Amino acid sequence: MWRFFKWCRPFTSIERLTLLASILVTCPAHATTNAILFVTQIPMPVERSTHEVTSSVCNVSSPFANHLGDTASCGRGGALWIRYPDGTLTNLTLLAGFGSTNTTQQGPNCIAVREPSVHWDGTRALFSMVVGAPTGPTDTNRFVWQLYEIANFTPPDSLPLITRIPTQPPDYNNVSPTYGTDGRIIFASDRPRDGQPHLYPQREEYLQLPTVTGLWSLDPATGDLFLMEHSPSGSFKPFVDSAGRVLFTRWDHLARDVQAVTDRAGSSSNHVFNWSDESPTAIATTNTTEVFPEPRPSDTNALAGTNMRGNAFNIFLPWQINEDGTASEIVNHIGRHELLAQIPSATFTNDPNIVTLTANQRVNTNFIANFFLHGEDPNTPGLLYAIDALDIGTHTAGQIVTLTAATNINPDAMLLNYITPKSTASPNAFGLYRDPLPLQNGVLVAAFTPATNLDSNVGSPDHPQSAYNFRLVTLKPSGSSWTTNALLTPGFSNTFSYWVGTNQITYTGPLWELNPAEVAARPMPAPQQA
């Protein structure tokens, strides 16, 4: 412990005692063989910015538009933690010199942290961190998520070393990093597809909110960067599986612009328009005509006189791509017909031969609404863990499911299994789960809240409180499904203040525990080839 106290000499005696107490808490023994990295995060109770400084309806915990680094999208006061197998907890970012020791007002040194990802050899990890916050109501500085690497975080008396990846895009939000098999880093970013700043930000196809442009690949040694996969609404949380595939969640739309539809119907004033082209000199046009796909089911004006029911789908599905950017497809070609509860019959209103496809007509009789992919079982190649959650309102929390997705399985034979109970209530009467993590010793860890309804701010605009309290738990079998077993930590509570535009936000209460990652070595696969 001498190294710890030596590093802490700049702190006051009270700060030393407080920090020491926070990092040397021993939790009750649980069946966790390896250390676990995770983050604490200020709760963001509603997926709608209270003060609308970014015109965002989502935040860091949302399924989409979760990449923004401003304080309206992600509060300040979080940290990167490690839980060792004996239950000891260490605040790694604070030990490495990141984060403010000021437990109230957050300023230039404060941080938020997200999505640690452990290297193949188990000795280092990538994560995203945003540093700094506005110092007052007139501070207009821009804050972005950047990629960092941490090393030297075991054993507990080590001083961790955190380094910002120097060759990454410096002025954009870079999130969800993971290690490739070739020394490169794969991540999501809102950098414009060709780097032209006038194209920033890309906006998704649903609410026209800012989104990431896709998946990027970076050689951290040389700065070589290329766009692996470009998607109009966003790709999220990539990782390389045991078969060498880059797997990720992609937000898939096939629908006409809902805001343009309501504008054309004269029922709203979204002021939708098309640019003439993508050049810096482009002009706004008045033409919002759309010819693909067929009109939305709600667009009765456009459907009048046709034989079409209309089309609009909006779903998060598991995708795969090779590390060189080739062979992008939904995992094993699986899709809506194999995963959804039903595919309606009335695609065309005048063809009685088209019938509704329901889940009980196929081998896989289980179904989902969305598949937010999180990882692969380390002991069962191709067994994918995911969350079935609503696209807004529950912070990407819902039911834990698995999908058998080894490379040699036909999509008709891929089995969707319910790990936690499926409920007819919305969102789920059995509580909500996030970030499922199967460990090498067979234990399942996840973030859990017993909440059963959509989240809301049960405090006030300037003193927000979430109805959710995400805590890391182990799970155990209970009948035909799994349920919570034991908490992994004693919990974290604090008070933090930060500025959102001209409003000062103060949060007092428990911090969310999210994004667990097992610190363990894994075999590095050969990359998939086209």
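**The largest cavity**

Begin with the lining of the largest cavity in this predicted model, whose residues divide into 9 nonpolar, 10 polar and 5 charged. The space inside the largest cavity amounts to about 260 Å³. To find its centre, select Ser 62, Asn 66, Glu 115, Lys 237 and Thr 396, which lie nearest that point among the 24 lining residues. Next, colour the strands S4, S8, S12, S20, S24 and S30, the elements that give two or more residues to this lining. The count of cavities of 30 Å³ or more is 2.

**Two residues with positive phi**

Keep Glu 115 selected; this residue belongs to strand S4. Most residues other than glycine have a negative phi. Glu 115, although not a glycine, has a positive phi of about 55°. Is Glu 115 buried or exposed? Its relative accessibility is 11%, so Glu 115 counts as buried.

Move to Asn 515, placed in strand S30. Asn 515 is likewise a residue other than glycine with a positive phi, near 55°. The relative accessible area of Asn 515 is 8%, and it is therefore buried.

**The second largest pocket**

Now display the second largest pocket, which has a volume of about 970 Å³. Which residues should be selected to reach its centre? Phe 239, His 374, Gly 375, Leu 437 and Arg 522 are the closest to it, out of 36 residues that line this pocket. Two or more lining residues come from each of strand S4 (111–118), strand S8 (174–179), strand S12 (235–240), strand S20 (372–376), strand S24 (432–438) and strand S30 (512–519). By class, the lining of the second largest pocket comprises 19 nonpolar, 9 polar and 8 charged residues.

**His 119**

Select His 119, in the loop between S4 and strand S5 (124–131). With a relative accessible area of 11%, His 119 is buried. Show its neighbours: leaving aside residues up to four places away in sequence, His 119 touches Arg 124, Ala 125, Tyr 179, Ala 520 and Arg 522. Then display the backbone of Asp 121, whose nitrogen lies 3.0 Å from a polar atom of the His 119 side chain.

**Arg 362**

The next stop is Arg 362, in the loop between strand S19 (357–358) and S20. Arg 362 has 15% relative accessibility and so counts as buried. Which backbone oxygens lie close to polar atoms of its side chain, and at what distances? The backbone oxygen of Asn 364 lies 2.5 Å from a polar atom of the Arg 362 side chain, and for the backbone oxygen of Glu 338 the distance is 3.4 Å. Glu 338 also appears among the residues that Arg 362 touches, which are Arg 336, His 337, Glu 338, Leu 339, Leu 340 and Phe 367 when residues up to four places away in sequence are not counted. Add Asp 412 to the selection: Asp 412 and Arg 362 are 50 residues apart along the chain, and their C-alpha atoms are separated by 7.6 Å.

**The largest pocket**

Proceed to the largest pocket, with a volume of about 1,500 Å³. Of its 40 lining residues, Arg 203, Gln 208, Phe 273, Asn 274 and Trp 275 are the closest to the centre. Strand S13 (246–254), helix H4 (258–264) and strand S14 (274–275) are each the source of at least two lining residues. The lining of this pocket has 17 nonpolar, 15 polar and 8 charged residues.

**Two cis peptide bonds**

Most peptide bonds are trans. Select Tyr 200 and Pro 201, which are joined by a cis peptide bond with omega of about -5°. Pro 201 sits in the loop between strand S9 (185–189) and strand S10 (214–218). Then select Phe 292 and Pro 293, where the peptide bond is also cis and omega is near -10°. Pro 293 is located in the loop between strand S15 (284–285) and helix H5 (300–303).

**The whole chain**

Finally, zoom out to the protein chain, which has 6 helices and 30 strands. Its C-alpha trace spans about 80 × 55 × 50 Å along the principal axes. How does the radius of gyration agree with that of a compact globule? The chain has 23 Å, and a compact globule of 530 residues would have a value near 24 Å, so the two agree. Of the 530 residues, 52% count as buried. Among contacts between residues at least 6 apart in sequence, 60% join residues at least 24 apart.

Notes: Residues numbered from 1 in each chain as written. Predicted model: local features only at pLDDT ≥ 70, side-chain atom pairs only at ≥ 80, totals over all residues. Heavy atoms only, no water. 1 Å grid on protein atoms, 1.4 Å probe; cavity = no way out; pocket = protein on both sides within 12 Å on 5 of 7 lines; lining within 4 Å. Points joined across faces, edges and corners; volume = space filled by probe spheres on them. Helix = DSSP H or I, 4+ residues; strand = E, 2+ residues; numbered from the N terminus. Nonpolar A, V, L, I, M, F, W, Y, C, P; charged D, E, K, R; others polar. Buried < 20%, exposed > 50% of the residue type's maximum accessible area, 1.4 Å probe, protein only. Contact = heavy atoms within 4.5 Å. Polar contact = N/O pair within 3.5 Å; in protein donor to acceptor, adjacent residues only side chain to side chain. Rg over C-alpha atoms; globule rule 2.2 N^0.38 Å.
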